[in-house]
Amino acid sequence: MISLQNLDIAVIGNEDQVILMQLAGVEKYRVIEGESDIREKVREALREFVNDTSIGIIMIPENLRDYVDDILKYISESKKITPVIIEIPSKFTTEKEDVREFYKSYMKKLLGFSIEI
């Protein structure tokens, strides 16, 4: 078993999001492009990353979340430590009015305590 410190980060997103994460050192990614089959592409990428035991964190843009809500709910209910799924803002807009407050409450939900961002 891989220690938590050595787990990888993966991202699912558009080309711009993936390139930014690659610059930050993320090596596992799936670019979701095109207008057709987006739902299945996102679901397939998430399933692959969830089943990869070397991945500890999976980042997914909020605009793709609707395609995988059932999978995310299943993961949440399984109470496994990893992978942690992090929802990131979309390319140009975000559904969250206060992104700072959203991430603060999200971290509290994940960790059980608040972290000042």
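The side chains of Arg30 and Glu48 meet in a salt bridge, with N and O 2.3 Å apart, and this is a good place to start a tour of the structure. The model is a predicted one. Its salt bridges come to seven in number, and several of them are introduced below. After that come the overall layout, the pairing of strands, the first helix and the surface.

**The bridge between Arg30 and Glu48**

- The two partners come from distant parts of the chain: Arg30 sits in strand E2 (residues 28–31) and Glu48 in helix H2 (residues 38–50), with their positions 18 residues apart in the numbering, that is, 18 residues apart.
- Arg30 is partly exposed, as its relative accessible area is 31%.
- Glu48 is partly exposed too, at 37% relative accessibility.

**Arg43 and its surroundings**

- A salt bridge also joins the side chains of Arg43 and Asp70, at 2.8 Å from N to O.
- Arg43 belongs to helix H2 and Asp70 to helix H3 (residues 69–78), so this pair ties together parts that lie 27 residues apart in sequence.
- Is Arg43 buried or exposed? Arg43 counts as buried because its relative accessibility is 9%, which is under the 20% cut-off.
- Asp70, on the other side of the bridge, counts as partly exposed, with a relative accessibility of 45%.
- The two side chains also make a polar contact, at 2.8 Å.
- Which residues does Arg43 touch, once neighbours within four places in sequence are left aside? Arg43 is in contact with Tyr67, Val68, Asp70 and Ile71.

**More salt bridges**

- Glu87 and Arg65 form a salt bridge in which the closest N and O atoms are 3.4 Å apart.
- This pair, too, links distant parts of the chain: Glu87 is in strand E4 (residues 84–88), while Arg65 is in the loop between strand E3 (55–61) and H3, 22 residues apart.
- Glu87 is buried, with 7% relative accessible area.
- Arg65 is partly exposed, with a relative accessible area of 31%.
- Asp8, Lys28 and Asp52 are connected to one another in a network of salt bridges.

**The overall layout**

- How many helices and strands does the protein chain have? There are four helices and four strands.
- Read from the N terminus, the elements follow the order β-α-β-α-β-α-β-α.
- The protein chain has 117 residues, and 32% of them count as buried.
- Among contacts with a separation of 6 or more, 57% are between residues 24 or more positions apart.

**How the strands pair**

- Strand E1 (residues 8–13) and strand E3 run parallel and are joined by four bridges.
- One example is Ile9, whose bridge partner in E3 is Ile57.
- E1 also pairs with E2 in the parallel sense, over four bridges.
- Here Gly13 has Val31 in E2 as its bridge partner.
- As a general point for looking at these strands, side chains in a regular strand alternate between the two faces of the sheet.

**Helix H1 and its two ends**

- Asn14 caps the N-terminal end of H1, with a side-chain oxygen 3.0 Å from the backbone nitrogen of Asp16.
- Just after H1 comes Gly25, which takes a positive phi of about 105°.
- Ile19 lies within H1, which covers residues 15–23.
- For reading any such helix, it helps to know that an α-helix has 3.6 residues a turn, so residues three or four places apart point the same way.

**The surface**

- Which residues form a nonpolar patch on the surface? Ile19, Leu20 and Leu23 do, and together they have about 330 Å² of accessible area.
- Ile19 is partly exposed, with a relative accessible area of 38%, and a patch residue needs over 30%.
- For the protein chain as a whole, the accessible surface comes to about 8,000 Å².
- Carbon and sulfur atoms account for 52% of that surface.

Key
Residues numbered from 1 in each chain as written. Predicted model: local features only at pLDDT ≥ 70, side-chain atom pairs only at ≥ 80, totals over all residues. Heavy atoms only, no water. Salt bridge = Lys/Arg side-chain N within 4 Å of Asp/Glu carboxyl O. Buried < 20%, exposed > 50% of the residue type's maximum accessible area, 1.4 Å probe, protein only. Patch = residues over 30% accessible without salt bridge, like charges linked within 9 Å, V, L, I, M, F, W, Y side chains within 5 Å. Areas by Shrake-Rupley, 256 points an atom, 1.4 Å probe, with all protein chains shown as cover. Contact = heavy atoms within 4.5 Å. Polar contact = N/O pair within 3.5 Å; in protein donor to acceptor, adjacent residues only side chain to side chain. Pairing = 2+ DSSP bridges.
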